[in-house]
Amino acid sequence: MSYVPSSFDNLSQDEDQVSFSEKFIRQCKQQPLVPLGAILTTAAVTLAAKNVKSGNKTGAQKWFRWRVALQTFTLVALIGGSFIYGKKQQPQIDGDELLRQKAKMREQLWIEELERRDQEIANRKKRAELARQKVKEMEKESSQLQKELQELESKIKK
């Protein structure tokens with residue numbers, strides 16, 4: 001079967017086409033404190049490692065304590081954000097569900113388009129059949145007229 005192009009072929013992205021970075025950005029916008037806490041925790045670990053390497057035990061101890069505090073902050077932000085945003089966004093549809101609904105809508109539109117095309121084909125077939133019948137009727141009339149003409153010509157010759 002040949003491919004029939006559709007007007008719905010180039011609609012918005014499918015669920016599979018959403019990139020990691022787009023999902024990451026969407027999640028960061030929903031809970032901005034979590035990535036901030038992760039970045040600050042990483043900075044504290046890096047500074048603690050730098051102090052350990054240089055031999056500064058008190059500085060390393062200070063940054064390790066900051067790491068624990070920042071990890072706690074990140075965890076609280078994650079749990080609190082999911083509690084707060086979860087309650088706020090319950091009436092709203094999340095991105096994955098929205099993509100599923102769009103896919104369902106595209107499928108329904110495609111089915112409607114196929115049904116419309118089937119109806120057009122059926123209408124064309126009807127018109128073609130009517131045209132064939134009309135041609136047959138005209139051929140019949142033409143043959144009758146030719147017979148009448150031949151009869152008249154034969155009468156004239158006699």
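I'll start in helix 4, residues 95–157, where glutamate 120 and arginine 116 sit four residues apart, about one turn of the helix. Keep in mind throughout that this is a predicted model. These two side chains form a salt bridge, with the closest N and O atoms 2.6 Å apart. Glutamate 120 also has a partner on another side: arginine 124 forms a salt bridge with it, and there the closest N and O atoms are 3.8 Å apart. That still counts, because the cut-off for a salt bridge is 4 Å. Arginine 124 and glutamate 120 are again four residues apart in helix 4, so about one helical turn separates them. Put together, Arg116, Glu120 and Arg124 are linked in a network of salt bridges.

On the spacing, a general remark. An α-helix has 3.6 residues a turn, so residues three or four places apart point the same way.

How exposed are the members of the network? Glutamate 120 has a relative accessibility of 31%, so it counts as partly exposed. Arginine 116, at 41%, counts as partly exposed, and arginine 124 is partly exposed with a relative accessible area of 48%.

Further along helix 4, glutamate 129 and arginine 132 are three residues apart, again about one turn. Their side chains meet in a salt bridge, 2.8 Å from N to O. Glutamate 129 is at 38% relative accessibility and therefore counts as partly exposed; arginine 132, at 46%, is partly exposed. The count for the structure comes to five salt bridges, and I have covered some of them here.

Next, helix 2, residues 33–54. Helix 2 has 22 residues and reaches 31 Å from its first C-alpha to its last, close to the 32 Å expected at 1.5 Å a residue. Which residues of helix 2 are buried? They are Val34, Gly37, Thr41, Ala44, Ala48 and Asn51. They cover an arc of only 110° around the axis, so they lie on the same side of helix 2. On the other side, Ile39, Thr42, Thr46, Lys50, Lys53 and Ser54 are exposed. After helix 2 comes glycine 55, with a positive phi, near 90°.

Helix 2 also matters for the next item, a nonpolar patch on the surface. The patch is formed by Leu33, Leu36, Leu40 and Phe73, which together have about 330 Å² of accessible area. Helix 2 gives the most to the patch, with three residues. Phenylalanine 73 is found in helix 3, residues 57–88. At 34% relative accessibility, phenylalanine 73 counts as partly exposed; patch residues need over 30%.

Last, the aromatic rings. How many aromatic pairs does a search of the whole structure find? The search finds one. In that pair, the rings of phenylalanine 20 and phenylalanine 24 have their centres 6.1 Å apart and their planes at 25°, so the pair is stacked. The cut-off for stacking is planes under 30 degrees apart. Both residues are in helix 1, residues 20–30, and because they are four residues apart, about one helical turn separates them. Phenylalanine 20 is at 68% relative accessibility and therefore counts as exposed, whereas phenylalanine 24, with a relative accessible area of 46%, is partly exposed.

That covers the salt bridges, helix 2, the patch and the aromatic pair.

How values were computed:
Residues numbered from 1 in each chain as written. Predicted model: local features only at pLDDT ≥ 70, side-chain atom pairs only at ≥ 80, totals over all residues. Heavy atoms only, no water. Patch = residues over 30% accessible without salt bridge, like charges linked within 9 Å, V, L, I, M, F, W, Y side chains within 5 Å. Areas by Shrake-Rupley, 256 points an atom, 1.4 Å probe, with all protein chains shown as cover. Helix = DSSP H or I, 4+ residues; strand = E, 2+ residues; numbered from the N terminus. Buried < 20%, exposed > 50% of the residue type's maximum accessible area, 1.4 Å probe, protein only. Phe/Tyr/Trp six-rings, centres within 6.5 Å; stacked < 30°, edge-to-face > 60°. Expected span 1.5 Å × (residues − 1). Arc of directions from axis to C-beta.
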